[in-house]
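New to this one? Take a look at the sequence and the model first, and then we'll walk through a few of its features.

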Amino acid sequence: KRQWGWWGVMDKYFEYDLRAPENAAKPFNGKCSGGSVYFREGPGKSHKAIGIVRKGEEILALPAEDGWCEAATVINGRIVKGFISSKYVKADATDTTSTRAYPATCSGQGVNIRTGRSTKHSSIGNLNRGDLLIAMPREAGWCNAAAVIEGHIAVGYVYCLYVKSR
């Protein structure tokens, strides 16, 4: 009985580029620079307001597109995702006093961000060492957090062992 020794002849040469694209959106920690700014469901004034972000409150944002940043911030004591006008987002500035949210990084590799506070909850995606987060103080060993997963803001819970404040 004869075994297969090869699968065929490759008659074309392919180049694979596995690097991230040069224009990949890089998230950043920042704060609201406006007095009271609407945080919206979509990019634009026509979208419904989720709540108001006040001056100095912590934001995790993606670079602006058409004047709007996809972002996460604290509204009514919980981290939510939405959009904010880019003119009110100041990068690399932190003031955690009003919302208790703080800028952080992931300290592990392949860490799950989950829909709830236990491993029984499903994973939204994975975080790697150094990924930026904003997080709330821990509750029962888990932090409500926001991170960027596959180029978009995701909000969920991360086991606190893997959340390192910056």
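What follows is a short tour of the core, a surface patch, the cysteines and the salt bridges. Keep in mind that this is a predicted model.

**The core**

Let's start inside. The largest nonpolar core is made of 16 residues, and Leu127, Val158 and Val163 have the most contacts within it. Several strands chip in: β8 (102-106), β9 (111-114), β11 (132-135), β12 (142-149) and β13 (152-159) each give at least two residues. The largest share comes from β12, with four residues.

Val163 is a good place to zoom in. Setting aside neighbours within four places in sequence, Val163 touches Tyr102, Ala104, Thr105, Ser107, Leu133, Ala135, Cys143 and Val158. Val158, in that list, is also one of the residues with the most contacts inside the core.

**A patch on the surface**

Now for the outside. Tyr159, Leu161 and Tyr162 make a nonpolar surface patch of about 310 Å². You'll find Leu161 in the loop between β13 and β14 (163-165). Leu161 counts as exposed because its relative accessibility is 61%, and the cut-off for exposed is over 50%.

**The cysteines**

In general, a disulfide is a covalent bond between the sulfur atoms of two cysteines. How many disulfides does a search of the whole structure find? The count is zero. As for individual cysteines, Cys106 is buried, at 2% relative accessibility, and Cys160 is buried too, with a relative accessible area of 14%.

**The salt bridges**

The structure has two salt bridges, listed here:

| Salt bridge | Closest N to O distance |
|---|---|
| Arg78 and Glu139 | 3.4 Å |
| Arg117 and Glu139 | 2.8 Å |

Where do the partners sit? Arg78 is in strand β6 (residues 78-85) and Glu139 is in the loop between β11 and β12, so their bridge ties together parts that are 61 residues apart in sequence. Arg117 belongs to the loop between β9 and β10 (123-127), so its pairing with Glu139 links parts that are 22 residues apart in sequence. With the partner shared, Arg78, Arg117 and Glu139 are joined into one network.

Are these residues tucked away or out in the open? They count as partly exposed: Arg78 has 27% relative accessibility, Glu139 has a relative accessible area of 32%, and Arg117 has 33%.

How values were computed
Residues are numbered from 1 along each chain as its sequence is written. This is a predicted model: local features need pLDDT of at least 70, side-chain atom pairs count only at pLDDT 80 or more; totals for chains, interfaces and linings use all residues. Side-chain values use heavy atoms; hydrogens and water are left out. A nonpolar core is a set of buried Ala, Val, Leu, Ile, Met, Phe, Trp, Tyr and Cys residues joined through side-chain atoms within 4.5 Å. Buried means under 20% relative accessible area, exposed over 50%, partly exposed in between (1.4 Å probe, protein chains only). Contact means heavy atoms within 4.5 Å. Patches are made of residues with over 30% relative accessible area and no salt bridge: like charges are joined within 9 Å, nonpolar side chains (Val, Leu, Ile, Met, Phe, Trp, Tyr) within 5 Å. Accessible areas come from the Shrake-Rupley method with a 1.4 Å probe; for residues, only the protein chains shown count as cover. A salt bridge is a side-chain nitrogen of Lys or Arg within 4 Å of a carboxyl oxygen of Asp or Glu. A disulfide is a pair of cysteine sulfur atoms within 2.5 Å.
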